[in-house]
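Q: I'm new to reading protein models and would like a close look at one part of this one. Could you take me through it slowly, and then show me what surrounds it?

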Amino acid sequence: MHIAQNVVRYIYVPFMLMVLPVLAYLLVSDGYSYAWLALILVIAFASAFAAEKIAPYFEEWTDHHAHGDISTNVLHTIAYEWSVINGALLIPVITWLFPFEGIWPTDWPMWAQLAIAFIFADLAFMLIHYWSHHYAPLWRLHAVHHGVGRLYGFNGVVRHPIHQTIDMVLGTAPLVILGMPVDVALMLGLLISLTLIVQHSNVDMRLGPLDGHISIGSLHHLHHVNWGTEGDCNFGLFFTIWDKLLGTYNDKPSRPITAADMGIDEVPNFPRQSFVEQMIFPFVYKPGQGEPDRYAANKKTPAQVAKIDSMQAAE
C-alpha cells in the first residue's frame with residue numbers, strides 16, 4: 001500500500017493535467033466526436049476518487065457516507081457541465097450577435113490557440129474570484145462554493161448557477177467574441193474542469209518543481225479555511241503568478257490546517273446535503289449578519305437534542 005500511495009502522489013497531477021488533456025487534444029484535433037470529451041471527464045472523476053482512496057490528504061474527508069453530500073454534488077456537477085456544453089452551443093449565436101470578423105488567430109495551431117485562451121481565462125477567473133470575496137452580492141453567490149465542509153473531486157464544480165453564468169460571461173464570452181472556435185472552446189472547458197477537479201482533490205499530491213507555481217493542494221486548502229478573512233488569498237485557478245502580482249499569494253497559514261477547518265465561519269450549519277437549499281442560500285444569507293435563521297434552527301446536534309429532551313423529562 002505504501003508503494004501505491006507514493007506512486008499516486010507523484011503521478012496524479014501529471015496524469016490529470018498532462019496525459020488526459022493530451023489525449024483529449026488528439027481526439028478533437030483528429031476530428032473525433034466531442035462526445036469523447038465526456039468520457040475523458042468521467043475518467044478524470046473516477047481517477048480522482050481512486051487517488052483519494054489510496055493517498056488521501058485528510059482521511060476524514062474520504063468518508064462519503066458521513067458527509068452525505070455526494071448526491072448534492074452530483075447535481076452540481078451535472079449543472080456545471082451542462083452550462084459548459086450550453087456555452088459552447090451558444091457560440092454561433094454569439095458570433096451572430098457580434099457580426100464582425102474577429103481577431104482570433106485561427107491560423108495558429110490549436111495548441112497555441114488553447115494556450116492563449118487558457119491564460120486569458122485563468123487571469124479572468126482569478127479576478128472574478130477576487131471580486132467574489134470582496135463584493136457582497138458576489139460573495140453571497142460564491143459562498144455556495146465555500147460552504148462545503150471538505151475538499152474532494154466533486155467540490156471544484158460546486159457553485160451557484162448564477163455565479164457560474166457570471167464566470168462564463170466575463171471569463172470566456174470575450175474570447176468567443178474575438179473569434180475563438182468551438183474546438184478550442186470545448187477544450188478550454190475541459191481543461192478548466194480538470195483543473196478544478198485536481199485543485200479540490202483530497203489527494204496528498206507531490207508537485208515537485210511546480211510547488212508554489214500552481215494553485216492547487218495546500219495552497220487551495222488555505223483559501224478554503226473558515227478563519228475569518230485569512231482565506232482571502234490564493235485566488236488563482238491554476239497559475240499563482242496573478243496572486244503574486246496582486247499581493248494575495250500566501251503559502252504560510254497562521255496555524256496548521258485541519259480537516260475541520262473548511263467552510264464559512266459564520267454559517268457553521270451550511271446546508272451541505274441539499275441542492276435546493278444551496279440554490280436558495282444566496283437569497284437568505286447576508287454576509288456579516290451571521291447564520292440565516294432557517295439554518296441556525298438546526299444548530300443542535302442529535303446528541304444535544306437527546307440531552308435536552310432527557311433533562312426536560314427529568315423535570
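Which residues in H7 are buried?

A: Happy to help! Keep in mind as we go that this is a predicted model.

Let's start with your helix. H7 runs over residues 136-146 and is mostly covered, with eight of its 11 residues buried. Going along H7, the buried residues are Leu-138, Trp-139, Leu-141, His-142, Ala-143, Val-144, His-145 and His-146. Here is a handy idea for looking at any helix: an α-helix has 3.6 residues a turn, so residues three or four places apart point the same way.

Now look at another helix, H6, which covers residues 110-134 and contains Phe-120. Phe-120 is partly exposed because its relative accessible area is 34%, and the cut-offs for that class are 20% and 50%. Leaving aside residues up to four places away in sequence, Phe-120 touches Gly-171, Pro-174 and Leu-175. Gly-171 sits 51 residues from Phe-120 along the chain, yet their C-alpha atoms are separated by 7.8 Å.

H6 also brings us to the nonpolar interior. The largest nonpolar core has 52 residues, and Tyr-12, Met-16, Met-180 and Leu-188 have the most contacts inside it. At least two residues of this core come from each of helix H1 (2-29), helix H2 (35-54), helix H4 (70-89), H6, helix H9 (173-177) and helix H10 (182-200). H10 gives the largest share, 12 residues. There is also a second, separate core of 12 residues, and among its members are Phe-58, Val-225, Trp-227 and Met-262.

One loop residue deserves a stop too. Asn-234 lies in the loop between helix H11 (218-223) and helix H12 (241-246). Most residues other than glycine have a negative phi. Asn-234 is not a glycine, but its phi is positive, about 50°. Asn-234 counts as buried because its relative accessibility is 1%, and buried means under 20%.

Finally, how far can you trust the picture? The chain averages a pLDDT of 87, and 89% of the residues score at least 70. Confidence is highest in H12, at a mean of 96, and lowest in helix H15 (residues 302-314), at 49. Over residues 301-305 the pLDDT is below 50, and this stretch has two contacts in the model beyond near neighbours in sequence. Where pLDDT is low, the predicted coordinates should not be read in detail.

Methods
Residues are numbered from 1 along each chain as its sequence is written. This is a predicted model: local features need pLDDT of at least 70, side-chain atom pairs count only at pLDDT 80 or more; totals for chains, interfaces and linings use all residues. Side-chain values use heavy atoms; hydrogens and water are left out. Helices (H or I, at least four residues) and strands (E, at least two) are DSSP runs, numbered from the N terminus. Buried means under 20% relative accessible area, exposed over 50%, partly exposed in between (1.4 Å probe, protein chains only). Contact means heavy atoms within 4.5 Å. A nonpolar core is a set of buried Ala, Val, Leu, Ile, Met, Phe, Trp, Tyr and Cys residues joined through side-chain atoms within 4.5 Å. pLDDT is the predictor's confidence in each residue, from 0 to 100.
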